[in-house]
Amino acid sequence: MKRIGIFGGTFDPIHNGHLIMAENVKDQMHLDEVMFIPSRIPPLKDAENISAPEHRLNMLRLAAKGSSSFKINDIELKMTGDEPNYTVKTLLKLREEFSAEQVKFYLIIGMDQLINLHKWKDPGKLFLLTEVVIINRPGYLIQQVENEYARRGIFVPVPNIDISATDIRFRIREKRSIKYLVPEEVEEYIYKNNLYK
Ligand code: ATP
């Protein structure tokens, strides 16, 4: 049975915090693959200020070049309509492509997302469709999020890497360095395309 980690996010931009975390979960959970799924209209974020899908996708592709087990899936970017991308909908769609007999999914979510899981569409269903892997994020403690979902997920401790896309965008606006926060090719891509000014 193939074990695939599902890692959704805005990835605006993808950064080394994402990559280190994904590699770590892959290692600890013995995953064959981690599938990065950039979201089109994130349900809980302000869609207006998000970079164009092709930029986020290009940066993900550059970042994933270094790993044979990191895959990029643009399934959500291809979805049409005004409705935001609900993870449960994406998982059901992925199931049409990857049969339950052959592939087991591990949905990777950060502790910051676990706190808001009750606001997601059909959160209980996520646990039926996948194993939910919860990872720590600086500033969040599992004890603070003792909800029913925390108990149903698998907690995987990863090194605390205090990098966020928000901080990277802020640094660029302030003309500060983002070196070592994102892969070199992503850094070059951001400057070449004038992103986050
Ligand atoms: P933003 O700052 O724009 O909200 P972000 O850095 O949190 O972005 P997202 O694309 O929203 O990045 O994150 C996707 C997923 O990656 C989420 O589950 C989030 O918890 C996780 N994640 C992001 N940064 C880190 C990090 N430094 N360490 C561990 N997990 C992270």
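This briefing walks through the cores, two helices, salt bridges and aromatic contacts of the structure above. Please keep in mind that the model is predicted. Its largest nonpolar core has 33 residues, and a search of the whole structure finds 8 salt bridges along with 6 aromatic pairs. Here is a friendly tour, topic by topic.

**Nonpolar cores**

- Within the largest nonpolar core, of 33 residues, the members with the most contacts are Ile14, Val25, Phe36 and Ile108.
- Helices α1, α2, α8 and α9 and strands β2, β4 and β5 are the elements that give two or more residues to this core.
- A second core of 25 residues lies apart from that one, and its members include Leu117, Trp120, Ile134 and Ala150.
- As background, nonpolar side chains in soluble globular proteins tend to be buried together.
- Valine 25 is a good residue to click on: leaving aside neighbours within four places in sequence, valine 25 is in contact with His30, Leu31, Ile108, Val133, Ile135, Val156 and Val158.

**Helices α8 and α9**

- Helix α8 spans residues 165–173, and its buried residues are Ala165, Ile168 and Ile172.
- Looking down the axis of α8, you will find these buried residues within an arc of 60°, so they line one face of the helix.
- Helix α9 (184–192) is part of what covers the buried residues of α8.
- In α9 itself, the buried residues are Val186, Glu187, Tyr189 and Ile190.
- The buried residues of α9 fall within an arc of 160° when seen down the helix axis, so they too line one face.
- Glu184 and Lys192 are exposed, on the other side of α9.
- The cover over the buried residues of α9 includes α2 and α8.
- Each helix is followed by a residue with positive phi: lysine 175, just after α8, has a phi of about 55°, and asparagine 194, which follows α9, has a phi near 55°.

**Salt bridges**

- Glutamate 23 and lysine 26 form a salt bridge whose closest N and O atoms are 3.8 Å apart.
- These two residues sit 3 residues apart in helix α1 (residues 16–28), so about one helical turn separates them.
- Glutamate 23 is partly exposed, at 35% relative accessible area, whereas lysine 26 is buried, at 18%.
- Glutamate 185 pairs with lysine 65 in another salt bridge, with the closest N and O atoms 2.9 Å apart.
- That pair links distant parts of the chain, 120 residues apart: glutamate 185 belongs to helix α9, and lysine 65 to the loop between α2 (53–64) and β3 (70–72).
- Glutamate 185 counts as partly exposed at 36% relative accessibility, while lysine 65 is exposed with a relative accessible area of 58%.
- Lysine 104 and glutamate 131 meet through their side chains in a salt bridge of 3.3 Å, N to O.
- This bridge joins strand β4 (residues 103–110), which holds lysine 104, to strand β5 (residues 131–135), which holds glutamate 131, and the two residues are 27 residues apart.
- Lysine 104 is partly exposed, at 31% relative accessible area, and glutamate 131 counts as partly exposed at 27%.

**Aromatic contacts**

- Phenylalanine 11 and phenylalanine 36 make a tilted aromatic pair, 5.8 Å centre to centre with 55° between the planes.
- Phenylalanine 11 is in the loop between β1 (2–9) and α1, and phenylalanine 36 is in strand β2, so the pair ties together parts 25 residues apart in sequence.
- Both phenylalanine 11 and phenylalanine 36 are buried.
- Phe7, Phe11, Phe36 and Phe70 form one aromatic cluster.
- Phenylalanine 127 and tyrosine 149 form a stacked pair, 5.7 Å centre to centre with 15° between the planes.
- With phenylalanine 127 in helix α6 (residues 123–129) and tyrosine 149 in helix α7 (residues 148–152), this pair ties together parts 22 residues apart in sequence.
- Phenylalanine 127 counts as buried at 13% relative accessibility, as does tyrosine 149 at 12%.

**Charges over rings**

- Arginine 152 lies over the face of phenylalanine 127, 4.7 Å from the ring centre.
- Lysine 179 places its charged end over the ring of tyrosine 180, at 5.3 Å from the ring's centre.

Conventions: Residues are numbered from 1 along each chain as its sequence is written. This is a predicted model: local features need pLDDT of at least 70, side-chain atom pairs count only at pLDDT 80 or more; totals for chains, interfaces and linings use all residues. Side-chain values use heavy atoms; hydrogens and water are left out. Buried means under 20% relative accessible area, exposed over 50%, partly exposed in between (1.4 Å probe, protein chains only). Helices (H or I, at least four residues) and strands (E, at least two) are DSSP runs, numbered from the N terminus. The arc is that of the directions from the helix axis to the C-beta atoms. Contact means heavy atoms within 4.5 Å. A salt bridge is a side-chain nitrogen of Lys or Arg within 4 Å of a carboxyl oxygen of Asp or Glu. A nonpolar core is a set of buried Ala, Val, Leu, Ile, Met, Phe, Trp, Tyr and Cys residues joined through side-chain atoms within 4.5 Å. Rings of Phe, Tyr and Trp (its six-membered ring) pair if their centres lie within 6.5 Å; planes under 30 degrees apart count as stacked, over 60 as edge-to-face and the rest as tilted. A charge sits over a ring if NZ of Lys or CZ of Arg is within 6 Å of the ring centre and within 35 degrees of the ring normal.
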